[in-house]
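Hi,

Here is the structure I promised to pass on. Have a look at it first, and my notes on what I found follow below.

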Amino acid sequence: MTPDPSTKNAAPSARPSGAAAGAPERVGFASATVPRHLARGAVGFGALVGSLALLPVAGAASLLLAPVGLVALRGCPMCWAIGLVETVSAGRMRRSCTNGSCALRRV
């Protein structure tokens, strides 16, 4: 059986299998919505700050909040910031390629 040449260089979709057909594709660190992303940031930064601020009161046990913050931020504060930019720009710009040249266009 010969592979279909039209799917040879096709990139896999970043959309989860259960995503709605009209929803914008999620790329990299982007969240589904901006409020959800901001909520993740509040939890993440709150847990990181809390882990250090509660150190004099709760001792080393407060450092257990640090992994919670890192998971909420998906690894690091910069990853969260990149995800915020991706979330805000999702669905606003599309790349279209015609006749060998590609360009970004607003949707």
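Let me start with S31, which is buried, since its relative accessible area is 6% and anything under 20% counts as buried. Keep in mind throughout that this is a predicted model. S31 lies in the segment before helix 1, which covers 34-53. Its side chain has a polar contact of 2.8 Å with the side chain of H37, and another, of 2.5 Å, with the side chain of R40.

Now for the overall layout. The protein chain has 4 helices and 2 strands, and from the N terminus the order is α-α-α-α-β-β. Of its 107 residues, 17% are buried. If you take the contacts between residues at least 6 apart in sequence, 46% of them join residues at least 24 apart.

Next, the helix packing. How do helix 1 and helix 3 run relative to each other, roughly parallel or roughly antiparallel? Their axes cross at roughly 155° and come within 7 Å, with helix 3 made up of residues 65-72. Angles over 145 degrees count as roughly antiparallel, so that is what helix 1 and helix 3 are. The crossing of helix 1 past helix 3 is left-handed. On the helix 1 side, the contact is made by R40, V43, G44, A47, L48, G50 and S51, while helix 3 brings in L65, A66, V68, G69, L70 and A72. You'll recognise R40 from the polar contact with S31.

A66 is a good residue to click on if you want to see that packing from the helix 3 side. Setting aside neighbours within four places in sequence, A66 is in contact with L48 and S51. The C-alpha atoms of A66 and L48 are 5.0 Å apart, although 18 residues separate the two along the chain.

On to the aromatics. There is 1 aromatic pair in the structure. The partners are F45 and W80, with ring centres 5.4 Å apart and planes at 85°, which makes the pair edge-to-face because the planes are over 60 degrees apart. F45 sits in helix 1 and W80 in helix 4 (residues 77-89), so the pair links distant parts of the chain, 35 residues apart. Are the two partners buried or exposed? W80 is buried, with a relative accessible area of 12%, whereas F45 is partly exposed at 33%.

Then there is the loop between helix 3 and helix 4, where you will find R74 and G75. R74 has a phi near 60°, a positive value in a residue other than glycine. That caught my eye because most residues other than glycine have a negative phi. At 32% relative accessibility R74 counts as partly exposed, and G75 falls into that class too, with 43%. The C-alpha atoms of G75 and F29 are separated by 10.0 Å, with their positions 46 residues apart along the chain.

Which other residue should you check for a positive phi? Try N99, whose phi is near 50° and which is not a glycine either. N99 is in the loop between strand 1 (93-98) and strand 2 (101-106). With a relative accessibility of 84%, N99 counts as exposed.

That's what I have for now. Shout if you want to go through any of it together.

Cheers

Terms used: Residues numbered from 1 in each chain as written. Predicted model: local features only at pLDDT ≥ 70, side-chain atom pairs only at ≥ 80, totals over all residues. Heavy atoms only, no water. Buried < 20%, exposed > 50% of the residue type's maximum accessible area, 1.4 Å probe, protein only. Polar contact = N/O pair within 3.5 Å; in protein donor to acceptor, adjacent residues only side chain to side chain. Phe/Tyr/Trp six-rings, centres within 6.5 Å; stacked < 30°, edge-to-face > 60°. Axes fitted to C-alpha atoms, helices over the stretch in contact; angles between N-to-C directions. Parallel < 35°, antiparallel > 145°, perpendicular 65-115°, else oblique. Left-handed = near helix turned anticlockwise from the far one by under 90°. Contact = heavy atoms within 4.5 Å.
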